Number of protein chains: 4
Amino acid sequence: MIIVLKNGTSMEEVAKITNMLEKFDVKVNPIVGESTTILGLVGDTSSLDIGSLYFNENVEKIMKVQEPYKKSNRKMHPQDTVININGVEIGGKRLTIMAGPCSVEGEEQIVGIAKYVKEQGARILRGGAWKPRTSPYAFQGLKADGLKLLNKAKTQTQMPIISEITNPAHIEMFMDMVDIFQVGARNMQNFEILKELGKTNKPVLIKRGFANTYEELLMSAEYVMSGGNEEVILCERGIRTSENYTRNTLDISAIPALKKLSHLPVIVDPSHAAGLHWMVEPLSMAAIAAGADGLILEVHNDPKNALCDGAQSLTYKSFKRTMEKLRLIANAVDREI
Amino acid sequence: MIIVLKNGTSMEEVAKITNMLEKFDVKVNPIVGESTTILGLVGDTSSLDIGSLYFNENVEKIMKVQEPYKKSNRKMHPQDTVININGVEIGGKRLTIMAGPCSVEGEEQIVGIAKYVKEQGARILRGGAWKPRTSPYAFQGLKADGLKLLNKAKTQTQMPIISEITNPAHIEMFMDMVDIFQVGARNMQNFEILKELGKTNKPVLIKRGFANTYEELLMSAEYVMSGGNEEVILCERGIRTSENYTRNTLDISAIPALKKLSHLPVIVDPSHAAGLHWMVEPLSMAAIAAGADGLILEVHNDPKNALCDGAQSLTYKSFKRTMEKLRLIANAVDREI
Amino acid sequence: MIIVLKNGTSMEEVAKITNMLEKFDVKVNPIVGESTTILGLVGDTSSLDIGSLYFNENVEKIMKVQEPYKKSNRKMHPQDTVININGVEIGGKRLTIMAGPCSVEGEEQIVGIAKYVKEQGARILRGGAWKPRTSPYAFQGLKADGLKLLNKAKTQTQMPIISEITNPAHIEMFMDMVDIFQVGARNMQNFEILKELGKTNKPVLIKRGFANTYEELLMSAEYVMSGGNEEVILCERGIRTSENYTRNTLDISAIPALKKLSHLPVIVDPSHAAGLHWMVEPLSMAAIAAGADGLILEVHNDPKNALCDGAQSLTYKSFKRTMEKLRLIANAVDREI
Amino acid sequence: MIIVLKNGTSMEEVAKITNMLEKFDVKVNPIVGESTTILGLVGDTSSLDIGSLYFNENVEKIMKVQEPYKKSNRKMHPQDTVININGVEIGGKRLTIMAGPCSVEGEEQIVGIAKYVKEQGARILRGGAWKPRTSPYAFQGLKADGLKLLNKAKTQTQMPIISEITNPAHIEMFMDMVDIFQVGARNMQNFEILKELGKTNKPVLIKRGFANTYEELLMSAEYVMSGGNEEVILCERGIRTSENYTRNTLDISAIPALKKLSHLPVIVDPSHAAGLHWMVEPLSMAAIAAGADGLILEVHNDPKNALCDGAQSLTYKSFKRTMEKLRLIANAVDREI
């Protein structure tokens, strides 16, 4: 940590601050410039409250040198993490395509979609049971019935299931019913859920909140990992910007950035990012080209009559074509589907 | 709702879409221009799924005409809502100053601060018991003990208490311990909490998420109100932008905008918006000048040693001076403190 | 255009507004709902001032139905525009790689780089002569001498030249010295330059401003095209967001969006978007996968000693490797380099 | 400047980098931590190219300690700058209200408005002659004729004139016709204009670009000041965010921030920020309460028929009422109008 002192701070004051800081077991190295003095702190600075330091009238600004995330940090774990769910790997050479409807709507629907997407190469089945909707007047999901229907599809296809958790009280039920917990963008900083998920032994996919930084996403991973569960999957799904032609702006740079900062797998959700079904294909291709470990895609058998988010769902026909194109891209980047 | 059709859509296609839409009990008025045909829909369009309509190959775009929020909409309730908590009003002529520490840290601290801020004119005591922190390694609050300490301060000062709820499982305990539920920015779209709060009979202050729109804030109010609890307080606390000198950018326009769109009281939190203690005073003055119904301010007896967010806390001395300046502004806008 | 009237507007008022509007030669179709009346306007609404309409006390809001851009609109020109510069095409099947240093620094440097990038497959030489720098104390470019050096490199390599124009007074000189005018992000809405470029007969590449929308970018293209010069190239180079790990956030969705809205070629600048040299390769691959018609890349013979923006420049070695990877991606999307 | 080295950099490498840096006449202080070594640089680091340093394979990151702006920095000039234009002060105790139409439209209009706003307390007349418009098809201003009409209004009212400059070629003409050069938000980083204005001796008001930081605004001021013209006025006019109820988001924090960082006067433009006439009054009041030195307001005699931006113009009646309210706020903050 670096503390920049205000111009004109006397040597006496520098000594006082140094004494105060050394009580926290950090070593202080003053660097005295012509007009500015800075203090370089060595040691474990995590017990220092940065906010409080600002109350010292000689402090101009404070700059952190080290990343606050530890377990998710690639520096601590140079090799890529590969998560294995009954033989389906996430983070390895083979790309992981997760596909399925926004909402589970009925048995025929979910089983039909599961079979179709598996045939085309998807390896994990997604489907919403509890749906966080902006409006209280919109369809809220089939809830526990939705999870049961997902399991019927699983029985018939052997595909592991991912579904969104929205309440810590549901975790126990989800433990029996899903293979991957999905934490949605709106809950990325729902620390009550994250802490509880840290105590489970199932993989957790965390979607980046739509105004959260890479560092904050990694700190949310840290909540789960510091609880003991190190199987975390990062998911980029677009951020809010001043452009609103698309629902959100897919931040393609998040892929190489997160892969550099962390060893965790990175999945991309182009469906929610764009909110436009015809844009899912090019964004999916871009994500794989940029190094993503997989995709989570909305596919619906009948998007015109979907109970939610039809606008962004692929049809069977467009999913098939997208998968064909993705195979070509995967091949170009030395991955496979 | 307006549906804009693609150039060149035939009259036959227009008739088909019209027939389809009329099955949803809306009346369709086509307006045929030289190159573009638009359909004006009259009636209750809430059962139409906009997303699905986009799958119709003749649809170019869809534009909503009416606000999706109902109970929070000023059109449905032209007079200002005034909430009364044991004689303390929020939304009336008298401004409501809520003050207290970021975190409750101990009995002496919270009772001392409560007495001090009451003396200076604050009428509601704020204090965090469960603290949502970006880092799992940071202080997480005193939890239930914090609520108990707040109640000791209440006994001695008669000030109603506001504290943040972060888990639906805590609502029952909070019901006995707080007078106003605070929903933090990170939980603005935690619909599981909002739905449960809709079943209680205590006021709920909802902070705007740092990338949420006015409409989304009002939709979150709608979650509480549609559940039966109409005592909702809106709180502006800054949004994320590309400027990062301040922690967030206080959106001062939110005050006149929310007062126009809704009848609910609007409170401003300049402490969390700026993240800089010396900026709290000018932002507080600006908020009152722009028409806010009150403020929620962090005040600490010893900010240099605060367990969280010292950087943004007012000291006793600066709180006192700020209150003096706020009285002058209140007077200038025909309000009082 | 749609005008939404306030609830409770009387039929008499509706008639008055209709009369007023019909003076502007538009046909007004009123649609009367239970609580809301809307007016659908047919005809050329471009003479109506939207701002002024808001002063009518019965107007709630106004919604535009049609895109304001005409010549750049794909609806008016369904086929892709292909621009040909001495045999080098932009917008056709073959991708166009523009490469070169941020700044022209000397003859040996620019000729050397030009030869190298040409060998690797670049087809247009970029190089800054006038450099817009945030700081007045930073290197401002070699100016006219820079243009002369670029032409020496052109003589030796036959590569067309692109360089940035920052002042309308320089256009005449540039006419003799460059093959493509580059309008930088900061000048995207420098309408004085755009209008003058509209009178020339050389292609103009317009970079999207870092907070501008797709529509505004197309309106800037419209400034050039409405002046008579239809050879415009659109360039995505990142927008400002709340993430600042990268200098800007490359908006990958801009590629499919702009290709859908417009017939103009779309080029991507990953160097300025990311500001991080190691991120240029994955972003370049993503851009081509998403459908870009080409790239503009910074390449420097000695980035450690570059006079500007070394942090984002590719070395010869990394440019070569990037080009190899791009060939594989190009092949996967049925393009070539 | 602080250079953070990668974990595991050997002492030998540290010595090499230190030698390299010392060639630039800076003194290097290494601080060796357990896993990380940082280098604290003392001396004039402005000759170091940060970008190039990133190419050193041992460099992890670089952090700037000092502000890059000098002449606009309050540290170099602790007292407020007060600019005097024929007796009208900007930056002193008395607030400066600049008012007038978006565009000059005719003699009767501009003279009438000038007289009216002067009567109500405005002290500077604003009026656009060259109008930068997003669309080439929109009204572009009366140009030189507009300046002449402004001068007729000046003759009759003695009010100094401010008008927007959009082309360096116009500066000579403007020198004879305006008292303050206005640089619009879109031209905040039009360095060609700024450099030329630095050679003049007339005050320059620079509007913050809608995605620019405080630091960048001050660097634009620096362009003018380093050229020799120290009479610069800063203007906050809103930034782009994900909220689009208002045209832009007025950044009220910019006022205390800019006053702290710089000694230059700060003016606020609530008309362009909000884009909504009914919001100008509360935002104006907030700006003065937060410490602004004045306002620039659009006022029109007949906004329903204004040639541009009617939506944000005050009428005579609303301007009069706003001025009355502003007097009360000014009084509350110990200023006057």
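The exercises below, each with a worked solution, concern a predicted model.

**Exercise 1. The interface of chain B and chain A**

Determine how many residues each chain gives to the contact and how much area is buried between chain B and chain A.

Solution. Start with the residues: chain B brings 47 residues to the contact, and chain A brings 47 residues. Next comes the area, which is about 3900 Å² between the two chains, with 55% given by carbon and sulfur atoms. Then look at single contributors on chain B: B:Phe55, B:Tyr137 and B:Glu192 supply 18% of what chain B buries against chain A, more than any other three residues.

**Exercise 2. Polar and charged pairs across the interface**

Count the salt bridges and the residue pairs in polar contact between chain B and chain A, then describe the side of chain B that touches chain A.

Solution. The count of salt bridges between chain B and chain A is 2. One of them joins the side chains of A:Glu216 and B:Arg240, with an N to O distance of 2.5 Å. For polar contact, 20 residue pairs are found across the interface, both residues being at pLDDT 80 or more.

Now turn to the elements on the chain B side. Helix H2 (50–53), helix H6 (191–197) and helix H7 (214–226) of chain B each supply at least two residues that touch chain A. The largest share comes from H7(B), with 5 residues. Sorted by class, this side of chain B has 16 nonpolar, 19 polar and 12 charged residues.

**Exercise 3. Cys235 in chains C and D**

Find the number of disulfides over all chains, and explain why C:Cys235 is not in one.

Solution. The structure holds 0 disulfides over all chains. A disulfide requires two cysteine sulfur atoms within 2.5 Å. The cysteine sulfur closest to that of C:Cys235 belongs to C:Cys102 and lies 14 Å away, so the distance is too far for a bond. In chain D, D:Cys235 is in no disulfide either, and the nearest cysteine sulfur, in D:Cys102, is 14 Å away.

Accessibility is a separate step. C:Cys235 has a relative accessible area of 0% and is buried. D:Cys235 is likewise buried, at 0%.

**Exercise 4. Helix H10 of chain C**

Decide whether helix H10 of chain C is largely enclosed or open, and state what follows the helix.

Solution. Helix H10 of chain C covers residues 280–289, and 10 of its 10 residues are buried, so the helix is largely enclosed by the rest of the structure. Among the buried residues are C:Glu281, C:Leu283, C:Met285 and C:Ile288. After H10(C) comes C:Gly291, which has a positive phi near 110 degrees.

How values were computed:
Residues are numbered from 1 along each chain as its sequence is written. Chains are lettered from A and ligands numbered from 1 in the order in which they are written. This is a predicted model: local features need pLDDT of at least 70, side-chain atom pairs count only at pLDDT 80 or more; totals for chains, interfaces and linings use all residues. Side-chain values use heavy atoms; hydrogens and water are left out. Buried means under 20% relative accessible area, exposed over 50%, partly exposed in between (1.4 Å probe, protein chains only). Contact means heavy atoms within 4.5 Å. Buried area is the accessible area (1.4 Å probe) that two parts lose on being put together, summed over both. A salt bridge is a side-chain nitrogen of Lys or Arg within 4 Å of a carboxyl oxygen of Asp or Glu. A polar contact is a pair of N or O atoms within 3.5 Å; within protein, one must be able to donate a hydrogen and the other to accept it, and residues adjacent in sequence count only if both atoms are side-chain atoms. Helices (H or I, at least four residues) and strands (E, at least two) are DSSP runs, numbered from the N terminus. Ala, Val, Leu, Ile, Met, Phe, Trp, Tyr, Cys and Pro count as nonpolar, Asp, Glu, Lys and Arg as charged, and the others, Gly among them, as polar.
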